[in-house]
Amino acid sequence: MKDPLVHVLLFLCVAVAIVTLGVFYGDADDAAARKAWPRRMLTFVLGCIVLVAVVLVCEHTFASLG
């Protein structure tokens with residue numbers, strides 16, 4: 001993978017957009033949405049990390065050519 005830092009920054013930009021839209025459309029009160037945003041952002045990023053780990057384990061286990 002070329003330029004991993006660029007990929008991480010692009011992921012974070014997209015993640016911020018997804019989480020922000022979800023939080024502000026999901027909560028009726030903006031103050032509650034601002035308060036919930038960091039927790040939801042952390043949950044989203046950790047969920048993506050778990051998904052990446054599962055995909056890498058499956059790739060190593062089932063798609064191994066060696």
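Which residues make the nonpolar surface patch of about 440 Å²? Let's start there, and keep in mind that this is a predicted model. The patch is made by L5, V8, L9, F11 and L12.

Take L9 out of that group for a moment. L9 sits in helix α1, which covers residues 4–26. Is L9 buried or exposed? Somewhere in the middle: L9 has a relative accessible area of 47%, and since the exposed class needs over 50%, L9 is called partly exposed.

Okay, on to charges. In general, side chains of opposite charge can pair when their charged atoms come close. How many salt bridges do we count here? The count is 1. The partners are the side chains of D27 and R40, at 3.7 Å from N to O. And this pair links distant parts of the chain: D27 is in the loop between α1 and α2, R40 is in helix α2, and the two are 13 residues apart. Helix α2, by the way, is residues 30–62. As for R40, its relative accessibility is 30%, so R40 counts as partly exposed too.

Last bit: how do the helices cross? The axes of α1 and α2 come within 9 Å, and the crossing angle is roughly 135°. That makes α1 oblique to α2, because the roughly antiparallel label is kept for angles over 145 degrees. And which hand does the crossing of α1 and α2 have? Right-handed.

So, to recap: a nonpolar patch with L9 as one of its members, a salt bridge between D27 and R40, and a right-handed crossing of α1 and α2.

Note on methods:
Residues numbered from 1 in each chain as written. Predicted model: local features only at pLDDT ≥ 70, side-chain atom pairs only at ≥ 80, totals over all residues. Heavy atoms only, no water. Patch = residues over 30% accessible without salt bridge, like charges linked within 9 Å, V, L, I, M, F, W, Y side chains within 5 Å. Areas by Shrake-Rupley, 256 points an atom, 1.4 Å probe, with all protein chains shown as cover. Salt bridge = Lys/Arg side-chain N within 4 Å of Asp/Glu carboxyl O. Helix = DSSP H or I, 4+ residues; strand = E, 2+ residues; numbered from the N terminus. Buried < 20%, exposed > 50% of the residue type's maximum accessible area, 1.4 Å probe, protein only. Axes fitted to C-alpha atoms, helices over the stretch in contact; angles between N-to-C directions. Parallel < 35°, antiparallel > 145°, perpendicular 65-115°, else oblique. Left-handed = near helix turned anticlockwise from the far one by under 90°.
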